[in-house]
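Subject: Structure handover

Hello,

Here is the structure I said I would pass on. Please have it open while you read the notes under it.

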Amino acid sequence: MTETVSVTSQGASPDQAEAREILESDSGLALQQVVQPGVGAAIWRRSLSPGFAEWIGNIPAGQLPALRALVDFRAVEGCIHAACDLSGLPAGTMRDLLASDIGALALMFAQVVRNPLMHLRFEAVTTDACRKFHVDQMPARLLCTYRGPGTQFGLRDASGQVVPAGKMRSGEVAILRGALWPDEEVTTLLHRSPPIAGTGEVRLFLALDPAAEPAAEARRLH
């Protein structure tokens with residue numbers, strides 16, 4: 001039986017164009033396609049290498065890095081290393097891969113949103129935070145779950161219920177449009193974090209959001 005979840009957010013009016021499609025590919029170039037008409041999310045369907053997946057899956061929960069920062073994309077890789085140092089995660093090849101991967105994703109995101117400054121959130125998740133289907137109140141967001149189950153998608157049906165529309169796996173990357181996406185289309189593709197409370201699972205989750213006012217925030221960095 002299909003699971004349905006109620007949601008209270010409003011959809012598009014009959015005369016408004018909607019962005020609700022999921023575009024997916026095994027190429028990272030797919031992320032650039034989130035700007036195409038009607039696309040609510042673009043997903044890079046990639047897989048973590050077995051060695052990297054084993055390494056990140058075996059990190060003790062207390063050593064998982066955590067970071068929240070406003071940062072220029074060019075500084076992201078160094079910031080991840082600093083967060084790893086603070087968490088006690090030893091240096092090594094796999095840690096280098098993690099930091100360089102996040103740095104590369106930050107570059108891709110900066111190119112799509114045309115903004116070098118971003119809010120970075122990288123942390124372990126063990127609760128059901130953001131478990132309700134929603135649209136983010138921002139222009140766009142990049143998501144990647146490096147450990148544990150990935151983001152789930154949903155669409156509202158004619159009765160106002162949300163039906164599943166797909167999900168992400170560990171290592172896959174998506175750029176999602178938000179409610180403030182700068183064109184006339186209304187984003188109606190919904191998403192949520194997978195409910196994991198009580199399962200013992202630990203997600204290691206990355207989110208990148210564009211800084212709201214690039215010029216003002218750039219001045220504060222100097």
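The notes below go from the overall fold to the sheet, then to single loop residues and to the empty spaces.

Overall

Please keep in mind that this is a predicted model. The protein has 222 residues, and 46% of them are buried. Its secondary structure consists of four helices and 13 strands. Of the contacts with a separation of 6 or more, 78% are between residues 24 or more positions apart.

The sheet

Seven of the strands make up an open sheet with mixed pairing. Going across, the order is S3-S4-S10-S7-S13-S6-S5. Which strands stand at the edges? They are S3, residues 21-25, and S5, residues 67-72. Each of these has a single partner strand, so one side of each has no neighbour in the sheet. From one strand to the next, the twist averages 20°.

At the S5 edge, the partner is S6, residues 117-125, and six bridges join the two strands. S5 and S6 run antiparallel. If you want a place to start looking, take Arg68, whose bridge partner in S6 is Arg121.

Two helices pack on this sheet. H2, residues 76-87, touches S5 and S6, and the direction of H2 makes about 155° with that of S5. H3, residues 93-113, touches S4 (39-44), S6, S7 (140-147), S10 (173-177) and S13 (203-210). The angle between the direction of H3 and that of S7 is about 165°.

A hairpin

S8, residues 152-156, and S9, residues 161-167, are antiparallel and joined by five bridges. Gln152 stands opposite Lys167 in S9. Four residues lie between the strands of this hairpin, and Gly160 has a positive phi near 90°.

Three loop residues

Val35 sits in the loop between S3 and S4. Is Val35 buried, partly exposed or exposed? Its relative accessible area is 42%, and a residue counts as exposed only over 50% and as buried under 20%, so Val35 is partly exposed. Leaving out residues up to four places away in sequence, Val35 touches Arg177 and Trp181. Val35 and Ile175 are 140 residues apart along the chain, while their C-alpha atoms are separated by 9.9 Å.

Gln63 belongs to the loop between H1 (50-57) and S5. Gln63 is also partly exposed, at 27% relative accessibility. Which residues does Gln63 contact, apart from its neighbours within four places in sequence? They are Ser87, Gly88, Leu89 and Pro90. For Gln63 and Leu89, the C-alpha atoms are 5.6 Å apart, with their positions 26 residues apart in sequence.

Arg114 is in the loop between H3 and S6. Most residues other than glycine have a negative phi. Arg114 is not a glycine, yet its phi is positive, at about 55°. With a relative accessible area of 78%, which is over the 50% cut-off, Arg114 counts as exposed.

The largest pocket

Arg114 comes up again here. The largest pocket holds about 340 Å³ of space and is lined by 18 residues. Those nearest its centre are Val112, Val113, Arg114, Pro139 and Pro182. Two elements, H3 and S13, give two or more residues to the lining. H3 gives the most, with three residues. Sorted by class, the lining of this pocket has twelve nonpolar residues, four polar and two charged.

The cavity

How many cavities of 30 Å³ or more are there? The count comes to one. The space in the largest cavity is about 30 Å³. Its lining is made of Gly40, His134, Val135, Asp136, Phe153, Leu176, Arg177, Leu189 and His191. By class, four of these residues are nonpolar, three are polar and two are charged. Arg177, listed in this lining, is also one of the residues that Val35 touches.

That is everything I have noted so far.

Regards

How values were computed
Residues are numbered from 1 along each chain as its sequence is written. This is a predicted model: local features need pLDDT of at least 70, side-chain atom pairs count only at pLDDT 80 or more; totals for chains, interfaces and linings use all residues. Side-chain values use heavy atoms; hydrogens and water are left out. Two strands pair if DSSP finds at least two bridges between them. Axes are lines fitted to C-alpha atoms, for helices over the stretch in contact, and angles run from 0 to 180 degrees between N-to-C directions. Contact means heavy atoms within 4.5 Å. Buried means under 20% relative accessible area, exposed over 50%, partly exposed in between (1.4 Å probe, protein chains only). On a 1 Å grid over the protein atoms alone, a cavity is a set of points where a 1.4 Å probe fits but cannot get out, and a pocket is an open set with protein on both sides within 12 Å along at least five of seven lines; lining residues have an atom within 4 Å of a point. Grid points are joined across faces, edges and corners, and a volume is the space filled by probe spheres set on the points. Ala, Val, Leu, Ile, Met, Phe, Trp, Tyr, Cys and Pro count as nonpolar, Asp, Glu, Lys and Arg as charged, and the others, Gly among them, as polar.
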